[in-house]
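Me: I have a protein chain to go through. Please show it, then take my questions one by one.

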Amino acid sequence: MAEEKEDFSNLSFEDALAQLENIVRELESGRIKLDDAVNAYEKAMALKKLCSDKLAAATLKVEKIELNKDGSLSTTPLDNVEA
C-alpha cells in the first residue's frame, strides 16, 4: 500500500524548521524503529526542501535601502550590494 505524502505547503518557515528540528532530535536519539526512521527521514527531507525554497524566495525579496545624494531613497537588489 503506497503511503500518501504530507502536504507542507501551508507551513510557515518557522513551523517547518521546528518540525525538522524535532525529527532530527528523534533520529539522533537512536530509539526509533527502522521503518519509522525511514519515514521520518523522508519527512525531514521534504521539510528541508520547503525551508530552502522559502529562504530562497525571501532572499529574492530583500533589498538594500539607500539614501541618495539628493536626500531621496532608493532600493538596490541584495545581489547588487557590495560587502
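What follows is a set of questions and answers on this chain.

Reply: This is a predicted model, in which local features need pLDDT of at least 70, side-chain atom pairs count only at pLDDT 80 or more, and totals for chains, interfaces and linings use all residues. Residues are numbered from 1 along each chain as its sequence is written, and side-chain values use heavy atoms, with hydrogens and water left out.

Me: In what order do the elements of the protein chain run from the N terminus?

Reply: Helices (H or I, at least four residues) and strands (E, at least two) are DSSP runs, numbered from the N terminus. The protein chain has two helices and two strands. Their order is α-α-β-β.

Me: Which element supplies the largest share of the largest nonpolar core?

Reply: A nonpolar core is a set of buried Ala, Val, Leu, Ile, Met, Phe, Trp, Tyr and Cys residues joined through side-chain atoms within 4.5 Å; buried means under 20% relative accessible area, exposed over 50%, partly exposed in between (1.4 Å probe, protein chains only). The largest one here has twelve residues, including Phe8, Leu11, Ile32 and Cys51. Both α1 (13-29) and α2 (34-61) supply at least two residues of this core. The largest share, six residues, comes from α2.

Me: Which residues does Leu47 touch, leaving out those up to four places away in sequence?

Reply: Leu47 is itself part of the largest nonpolar core. Contact means heavy atoms within 4.5 Å. By that rule Leu47 touches Phe8, Leu11, Ala16, Gln19, Leu20 and Ile23.

Me: Within what arc do the buried residues of α1 fall?

Reply: The buried residues of α1 are Ala16, Leu20 and Ile23, and their cover includes α2. Glu14, Arg25 and Glu28 are exposed on the other side of α1. The arc is taken from the directions from the helix axis to the C-beta atoms. Seen down the axis, the buried residues line one face of α1, because they fall within an arc of 60°.

Me: How far apart are the end C-alpha atoms of α1?

Reply: The expected span of a helix is 1.5 Å times one less than its number of residues. For the 17 residues of α1 that should be 24 Å, and the end C-alpha atoms agree, at 24 Å apart.

Me: Is Ile65 buried or exposed?

Reply: Ile65 is found in strand β1 (residues 63-67). Leaving out residues up to four places away in sequence, Ile65 touches Leu73, Ser74 and Thr75. With a relative accessible area of 62%, Ile65 is exposed.
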